[in-house]
Amino acid sequence: MADEKPQITYVLDGKTYDANKFTDEGKVLLTRISRLNTDVELLSTQIDNSQAAALFYREKINEQLTDDMLVEEEAAEEPV
């Protein structure tokens with residue numbers, strides 16, 4: 001029993017497949033899908049963190065705004 005491969009499965013349309021029986025190409029592709037899913041999770045976290053930081057920075061800028069910083073609308077450039 002020490003030679004048993006870990007159970008790795010792939011689910012499609014409610015059916016579960018034994019990935020250990022995939023072709024070599026299928027095993028490589030499944031590994032790539034797994035890595036890509038990990039990348040997507042990491043990037044999603046980075047996006048969330050970046051959005052939170054941008055919101056924090058805007059709030060800090062807004063706290064510093066005073067009326068003497070206002071410009072006439074015709075002289076104003078596109079907002080950031």
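Accessible areas come from the Shrake-Rupley method with a 1.4 Å probe. For this protein, a predicted model, that surface comes to about 8000 Å², and 54% of it belongs to carbon and sulfur atoms.

Let's start with the overall form. If you packed 80 residues into a compact globule, you'd expect a radius of gyration near 12 Å, but this protein has 26 Å. Its C-alpha atoms fill a box of roughly 75 × 25 × 25 Å along the principal axes. What share of the 80 residues counts as buried? Just 4%, where buried means under 20% relative accessible area.

Here are the whole-protein values side by side:

| Property | Value |
|---|---|
| Radius of gyration | 26 Å |
| Box along the principal axes | roughly 75 × 25 × 25 Å |
| Accessible surface | about 8000 Å² |
| Distance between the centres of positive and negative side chains | 21 Å |

About that last row: the protein carries 8 positive and 18 negative side chains, and the centres of the two sets sit 21 Å apart.

Now for the secondary structure. There's one helix and there are two strands, and reading along the sequence gives you the pattern β-β-α. So how do the strands go together? Strand β1 covers residues 9–12 and strand β2 covers residues 15–18, and they pair in the antiparallel sense over four bridges. Take Y10 as an example: its bridge partner in β2 is Y17.

Which residue in the hairpin of β1 and β2 takes a positive phi? That's D13, with phi near 55 degrees, in a hairpin that has two residues between the strands.

Conventions:
Residues are numbered from 1 along each chain as its sequence is written. This is a predicted model: local features need pLDDT of at least 70, side-chain atom pairs count only at pLDDT 80 or more; totals for chains, interfaces and linings use all residues. Side-chain values use heavy atoms; hydrogens and water are left out. Two strands pair if DSSP finds at least two bridges between them. The radius of gyration is taken over C-alpha atoms; the globule rule is 2.2 Å times the number of residues to the power 0.38. Buried means under 20% relative accessible area, exposed over 50%, partly exposed in between (1.4 Å probe, protein chains only). Lys and Arg count as positive and Asp and Glu as negative; His and the chain ends are not counted. The place of a charge is taken as NZ of Lys, CZ of Arg, CG of Asp or CD of Glu.
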